[in-house]
Each structure stands twice: as structure tokens, then as C-alpha cells.
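I sat down with this chain today and kept a short notebook of what I looked up. Here is the structure, so you can follow along.

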Amino acid sequence: MKKSISTIAVMIMMVVISSCGAGRAIMRNQNQSSTQVHLKENNFKVISSVSGSAEAKYWVLIGGRKRQQMYNEAYAEMVKSAGLMDGPRALVNLLTEEHVGGVPPFFLKRTITVSGHVVEFNR
């Protein structure tokens, strides 16, 4: 009897202490600019990969920020690190990733990361 109680207690502690997480990636055009780029010729080269992220923490489902605010912050950080003013450059292949982890409902941590590639045009 004592062994089964201690086994159940250990299993409950493993569930409580372990951190669970879920993630998803969203590929969609959230950049609503009207610039059209036709890549028929080899007139560009990929300069670098850039990313930006934002994080929010929730205690007992209270606190943090809204998802759209976090996305805007992560996107602004990515654009800032891209160096788009250094020449004829553009951001392509944008990917938004979201990860939610913690011990629900007591503690949650949401991280949104936006990443993409910087291309520079030769001609």
C-alpha cells in the first residue's frame, strides 16, 4: 500500500513539474505592401536570414499582451535588423512561429518569432 502511494505521488509530481509546450508555424502574407517583384531573371542574391521575437508571460491566465501586439513587436525587430535602407533590398519568405509553454493554468509563456530572408537586387 505504501509503495503504491509513493508511486502515485511520484507520478503526480512528474506531471506537475514537467513543462509542456505547443508550437505552430504560420506561413501567410501579412506584409500588405503593394510592391510587386518579378523574379524571372537571376538579378538578386540572398544576403542573410533575419528574425525578431517577442515574449509574454501569464500568471494564472492574467498578464501579458495580445497576440497582435506581440506580432507587431517581433516584426518591427526583424525589419530593424534587416538593414533594408542599405540598398535595393526586400524581405521574402516570411514565417511566423508561435510557442506556448509552461504549466497551465498557473504559468504560461508565449513566444512569437517572425523570420525571413533579405534579398538584394543587382540590376
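The entries below go through charged pairs, the nonpolar core, one strand residue and the aromatic rings.

**Entry 1: the model.** I note at the start that this is a predicted model.

**Entry 2: salt bridges.** How many salt bridges are there by the rule I used? I get five salt bridges, and I wrote up some of them.

I began with Lys-109 and Glu-55, whose side chains form a salt bridge with an N to O distance of 3.9 Å. That passes, because the rule asks for a nitrogen within 4 Å of a carboxyl oxygen. Lys-109 belongs to strand β4 (residues 107–121) and Glu-55 to strand β2 (residues 44–59), so this bridge ties together parts that are 54 residues apart in sequence. I also checked whether the partners are buried or exposed. Lys-109 is partly exposed at 32% relative accessibility, and Glu-55 is partly exposed as well, at 38%.

**Entry 3: a network around Glu-98.** Next I looked up the partners of Glu-98. One of them is Arg-67, and the closest N and O atoms of this salt bridge are 3.2 Å apart. Here Glu-98 sits in strand β3 (residues 89–103) and Arg-67 in helix α2 (residues 67–82), so to speak distant parts of the chain, 31 residues apart.

Glu-98 also makes a salt bridge with Arg-110, with 2.9 Å between the closest N and O atoms. This pair links strand β3, which holds Glu-98, to strand β4, which holds Arg-110, across 12 residues. I therefore wrote down Arg-67, Glu-98 and Arg-110 as linked in a network of salt bridges.

How accessible is each member? Glu-98 has 6% relative accessibility and counts as buried, because the cut-off for buried is under 20%. Arg-110 is buried too, at 17%, whereas Arg-67 is partly exposed at 39%.

**Entry 4: the nonpolar core.** I then turned to the nonpolar side chains. In soluble globular proteins, such side chains tend to be buried together. The largest nonpolar core in this model has 15 residues. Which residues have the most contacts inside the core? They are Val-50, Met-70, Met-78 and Leu-91. Elements β2, α2, β3 and β4 each give two or more residues to this core. Helix α2 supplies the largest share, five residues.

I picked Met-78 for a closer look and listed its contacts, leaving out residues up to four places away in sequence. Met-78 touches Val-50, Ser-51 and Gly-52, then Leu-91 and Leu-94, and also Val-114, Ser-115 and Gly-116.

**Entry 5: Glu-120.** Is Glu-120, a residue of strand β4, buried or exposed? At 17% relative accessibility, Glu-120 counts as buried. Setting aside neighbours within four places in sequence, I found Glu-120 in contact with Asn-43, Phe-44, Lys-45 and Ile-47, and with Gly-87, Pro-88 and Arg-89.

**Entry 6: aromatic pairs.** Last, I looked for rings that pair, and the structure holds two aromatic pairs. I followed up one of them, Trp-59 with Phe-107, whose ring centres are 4.6 Å apart. The planes of these two rings meet at 45°, so the pair is tilted. Trp-59 lies in strand β2 and Phe-107 in strand β4, and 48 residues separate them in the chain. Trp-59 is exposed, with a relative accessible area of 56%, while Phe-107 is partly exposed at 22%.

Terms used:
Residues are numbered from 1 along each chain as its sequence is written. This is a predicted model: local features need pLDDT of at least 70, side-chain atom pairs count only at pLDDT 80 or more; totals for chains, interfaces and linings use all residues. Side-chain values use heavy atoms; hydrogens and water are left out. Helices (H or I, at least four residues) and strands (E, at least two) are DSSP runs, numbered from the N terminus. Buried means under 20% relative accessible area, exposed over 50%, partly exposed in between (1.4 Å probe, protein chains only). A nonpolar core is a set of buried Ala, Val, Leu, Ile, Met, Phe, Trp, Tyr and Cys residues joined through side-chain atoms within 4.5 Å. Contact means heavy atoms within 4.5 Å. Rings of Phe, Tyr and Trp (its six-membered ring) pair if their centres lie within 6.5 Å; planes under 30 degrees apart count as stacked, over 60 as edge-to-face and the rest as tilted.
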